[in-house]
Amino acid sequence: MSAFRPFFLLGTLYAPLLIGAWLGAGFGWWSGPVGDMPGALWHGHEMIFGFSSAIILGIVLTALPSWAGTEEIHGARLALLVAAWLAGRLAFWALPLLPATVAAVADCLLFPLVFATLAPQLLQVENRLYLLLLPVLAAFFAANLAFHLGIGAGNPAFATIALHGGVYTILTLYVLKGGVLTPVFTGNALREKGRGEQAPFRMGLDVTAVGLVVALAALDLTGAPARWVGLTALACTLVHAWRVGRWQGWRVADVPLLLVMHLGFVWLILAFALKALAALTGLVPDTMWLHAFTVGSLGMMMLGLMTRVSLRHTGRPLKLPAAMRVACALVFTAAIARLALSMPDLRPAAITVAAILWAAAFVIYVSRFGSLLAVPSLPRKNGVLNK
């Protein structure tokens, strides 16, 4: 069994349940799942370290054998990682009933296990750039640990910074890996359609793009002056717009699976622009950039890659099903609705509409691919999965 099967299934089942719990608490239907912890904190934690971690691990652990040539993680090792994810969810929701240390250890165990599983393999890989995944895994662990330390110390502000650290870790991985997969897949489509070649990678540009994200994270998380944060976010906007523009996504707009990924990067550029606008002018709230990235950019990219992986690794043709086109449209609309939070009169409706639309998109994924994740792949031809 490949890693995408349990992690995609668990993550996409968990997402709508989590959104339902959050909306229920917001409407006052119940007090929330984690004692007196503010809803924004438990919701943010589980969206990052619960839902997102499952989808990210499903993608990364499935992609590495093909891209880096590592051994596939399956059997007992995969079962251990899945059990650690489940233990983290149970421990987090049982925080009021467990000693804080026990809950924190259970919830923080996943990423050290992934690190210990992958590090020996990545150290043997010829392309040393794959080693960048290791500090990303360490950053996930550090952010989660910092969150629990903040909660344990009764310091919600510190816990919030830790959650932002988790978002920046996802953002860094997004820029690193999405910035490779998207142009490669685009180049394949361009050649297939006789429209040219893939834009060549420019190491200097790619390093600058990732470095600026890391710099933005460092400045923002350490409370640097708003002007510094804003100028760095503006630099991110310009450099990433240049980087993404080179990929010529508009030339494959008729390939829905690729269009979804490119739209994810459009939302990313918008997120950087909103971060710069918030820091330099204060005309928009700082939370707008977070939702542009998490709801719009990350949501679109997740649906695109989950669909691609699910089709490719079960032997189905790489064509975006009609149901998933609807799901992607729902996420796109949800992101727009979430940005309407900047208008106070629309805030309650915007939250509700965005949450329902976003959750519905992942319900559609489960309804379309849930059964495929639980059954064997189609037969291979000449040792290669059918395309």
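Alanine 157 counts as partly exposed, because its relative accessibility is 49%, and this alanine sits in helix α7. In this predicted model, helix α7 spans residues 156–192 and packs against helix α11, residues 287–312. Helix α11 also packs against α10, while α3 and α5 form another packed pair. The points below go through these helix pairs, then a handful of single residues.

**Around the start of α7**

- Alanine 157 and phenylalanine 147 are ten residues apart along the chain, and their C-alpha atoms are separated by 9.7 Å.
- Asparagine 155 belongs to the loop that links α6 (133–152) with α7.
- With a relative accessibility of 34%, asparagine 155 is classed as partly exposed.
- From asparagine 155 to lysine 177 there are 22 residues along the chain, and the C-alpha atoms of the two are separated by 34 Å.

**α7 against α11**

- The axes of α7 and α11 come within 11 Å and cross at roughly 45°.
- That angle is neither under 35 degrees nor in the range of 65 to 115, and α7 and α11 are therefore oblique to each other.
- The handedness of the α7 and α11 crossing is left-handed.
- On the α7 side, the contact residues include His164, Val167, Tyr168, Ile170 and Leu171, with Tyr174, Leu181, Thr182 and Phe185 further along the sequence.
- On the α11 side, they include Trp289, Leu290, Phe293, Thr294 and Ser297, along with Leu298, Met301, Leu305 and Arg308.
- Sorted by class, the contact of α7 with α11 has 13 nonpolar, four polar and one charged residues.

**α10 against α11**

- α10 (256–281) packs with α11 at an angle of about 165°, and the axes of the two are 8 Å apart.
- An angle over 145 degrees counts as roughly antiparallel, so α10 and α11 are roughly antiparallel to each other.
- The crossing in which α10 passes α11 is left-handed.
- Leu257, Leu258, Val260, Met261, Leu263 and Gly264 in α10 are among the residues that meet α11, as are Phe265, Trp267, Leu268, Ala271, Leu274 and Lys275.
- From α11, the partners include Met288, Trp289, Ala292, Phe293, Gly296 and Ser297, and also Met300, Met301, Gly304, Leu305, Thr307 and Arg308.
- The contact of α10 with α11 divides into 17 nonpolar, five polar and two charged residues.
- Trp289, Phe293, Ser297, Met301, Leu305 and Arg308 in α11 are residues to look at twice, since they meet α7 and also meet α10.

**α3 against α5**

- Helix α3 (residues 75–93) and helix α5 (residues 110–122) have axes 8 Å apart and pack at an angle of about 155°.
- This makes α3 roughly antiparallel to α5.
- Here too the crossing, that of α3 and α5, is left-handed.
- Arg77, Leu80, Leu81, Ala84 and Trp85 in α3 meet Leu110, Leu113, Val114, Thr117 and Gln121 in α5.
- Seven nonpolar, two polar and one charged residues make up the contact of α3 with α5.

**Valine 102 in α4**

- Helix α4 (residues 100–108) holds valine 102.
- Valine 102 has a relative accessible area of 45% and is therefore partly exposed.
- Valine 102 lies 26 Å from isoleucine 170, C-alpha to C-alpha, and the two are 68 residues apart in sequence.
- Isoleucine 170 is one of the α7 residues that meet α11.

**Loop residues**

- Glycine 194 is in the loop between α7 and α8 (203–221).
- Its relative accessible area is 65%, so glycine 194 is exposed.
- Between glycine 194 and leucine 318 there are 18 Å in space, C-alpha to C-alpha, with the two 124 residues apart in sequence.
- Glutamine 248 can be found in the loop between α9 (226–246) and α10.
- The phi angle of glutamine 248 is near 60°, a positive value in a residue other than glycine.

**Cysteines**

- Cysteine 236 is at 0% relative accessibility and so counts as buried.
- Cysteine 328 also counts as buried, because its relative accessibility is 5%.
- With a disulfide taken as a pair of cysteine sulfur atoms within 2.5 Å, the count comes to zero disulfides.

Methods
Residues are numbered from 1 along each chain as its sequence is written. This is a predicted model: local features need pLDDT of at least 70, side-chain atom pairs count only at pLDDT 80 or more; totals for chains, interfaces and linings use all residues. Side-chain values use heavy atoms; hydrogens and water are left out. Axes are lines fitted to C-alpha atoms, for helices over the stretch in contact, and angles run from 0 to 180 degrees between N-to-C directions. Helices (H or I, at least four residues) and strands (E, at least two) are DSSP runs, numbered from the N terminus. A crossing is left-handed if the near helix is turned anticlockwise from the far one by less than a right angle, and right-handed if clockwise. Contact means heavy atoms within 4.5 Å. Ala, Val, Leu, Ile, Met, Phe, Trp, Tyr, Cys and Pro count as nonpolar, Asp, Glu, Lys and Arg as charged, and the others, Gly among them, as polar. Buried means under 20% relative accessible area, exposed over 50%, partly exposed in between (1.4 Å probe, protein chains only).
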